[in-house]
Amino acid sequence: MDGQYYRIGEFAQLMGVSPDALRYFEDRGILVPERDPVNGYRYYSIDCSPQITRFRLLRACGLSYEQTLEPASSISVPGFPALLNGRLKEIERNIARLNCEYDALNEYKALSQRILNKPDFLSIETIGRTFYCYLQFRNDDAINDKTRQPIIRALTAALPLSFFAVLPGQATIFQEAEENTDFYGALIDENYIPLLDEPELFTRPDRIIRLDKVCHFVCTVDNNAPWPSRFFQVQEQLAAQDYAVSGDPILRILPEYVQAPISYMEVFLPIQTSKSHNTIEKEKSE
């Protein structure tokens, strides 16, 4: 053998790969080391380095072992850009997911600080959030509906980011609603779609709900009681401030201890200025 040669361990260390990786390339016919005719030891020349450098580059970009060995993984092959485009799209999805996680953590941090500072906070806010509605069901009816189960599973995986819309004890704006029947819709904020395990299930929402002006508050939920009294007290407070409820409440049950008798419900209650308030403001302007 002429020139500089290295034993498998030496060459693996020089190239920054494992000896097993070199054996794998040999088995696949990518590298053909020289063999000592006496003891059968493998010897690698520096001429093998371009293949290893290319392999490390593609692996660093997230391609699998198998992908780095595909014919399309050569830079001079027409299919090479398409191979990289697949990985670029995967990276874009990961970036979107990380941005969602970042926003969700900030949202929960802000809500936690708000609850700690003032547990019974109540505020009028303009939030400008869009929710996608995927389910419409009465109580637990959807659990036995096989066509809806995949969406239920995906929403469950997204907890605590999923919401529910419901107007208790009276007719709702959902289709086919019956008076005096609680009717629910499972929702997800459009900005959190990338966090779902199966985002393709959410490309066609049944309904889109846009929330602008809302009354935002958190109330304690006794799991043995259907609705907390504070929910109705808030509506009375809004009426006293000349605000009227304009749509179904958007609710999120905040996760606490498993099987805890008490939990917390975050509420976004859509509101609008009442007619009487509009009349007073118009008179003032005149």
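Eight names make up the buried side of helix α5 in this predicted model: Phe80, Leu83, Arg87, Cys100, Ala104, Glu107, Leu111 and Ile115 are the buried residues there. The helix itself runs over residues 80–117, 38 residues in total. From first C-alpha to last, α5 reaches 56 Å, close to the 56 Å expected at 1.5 Å a residue.

What do the buried residues of α5 pack against? Their partners are two helices and four strands by name: α3, α4 (65–69), β4, β7 (207–222), β9 (250–254) and β10 (262–273).

One of those partners, strand β4, spans residues 122–133 and holds Glu125. Is Glu125 buried or exposed? Its relative accessibility is 18%, and because the cut-off for buried is under 20%, Glu125 counts as buried. The side chain of Glu125 makes a polar contact of 2.5 Å with the side chain of Ser123. Beyond its neighbours within four places in sequence, Glu125 is also in contact with Arg114, Asp212, Lys213, Val214 and His216.

Now to strand β3, residues 42–45, where Ser45 has its place. Ser45 is buried as well, with a relative accessible area of 13%. With neighbours within four places in sequence set aside, the contacts of Ser45 are Gln4, Tyr5 and Phe11. Arg7 lies 38 residues from Ser45 in sequence, yet the C-alpha atoms of the two are 9.2 Å apart in space.

Here are the two buried polar residues side by side:

| Residue | Strand | Relative accessible area |
|---|---|---|
| Ser45 | β3 (residues 42–45) | 13% |
| Glu125 | β4 (residues 122–133) | 18% |

Phe11, a contact of Ser45, leads on to the nonpolar interior. In soluble globular proteins, nonpolar side chains tend to be buried together. The largest nonpolar core here has 14 residues, and those touching the most other members are Phe11, Val17, Leu22, Phe25, Leu31, Tyr44 and Ile52. Helices α1 (8–15), α2 (19–27) and α3 (49–60) each supply at least two residues of this core. Which helix gives the most? That is α1, with four residues.

Ile52 shows how this core is knitted: not counting residues up to four places away in sequence, Ile52 touches Phe11, Met15, Val17, Leu22, Phe25 and Leu31. A second core, separate from this one, has 13 residues, including Cys219, Phe231, Leu269 and Ile271.

How values were computed
Residues numbered from 1 in each chain as written. Predicted model: local features only at pLDDT ≥ 70, side-chain atom pairs only at ≥ 80, totals over all residues. Heavy atoms only, no water. Buried < 20%, exposed > 50% of the residue type's maximum accessible area, 1.4 Å probe, protein only. Contact = heavy atoms within 4.5 Å. Core = buried A, V, L, I, M, F, W, Y, C linked by side-chain atoms within 4.5 Å. Polar contact = N/O pair within 3.5 Å; in protein donor to acceptor, adjacent residues only side chain to side chain. Expected span 1.5 Å × (residues − 1).
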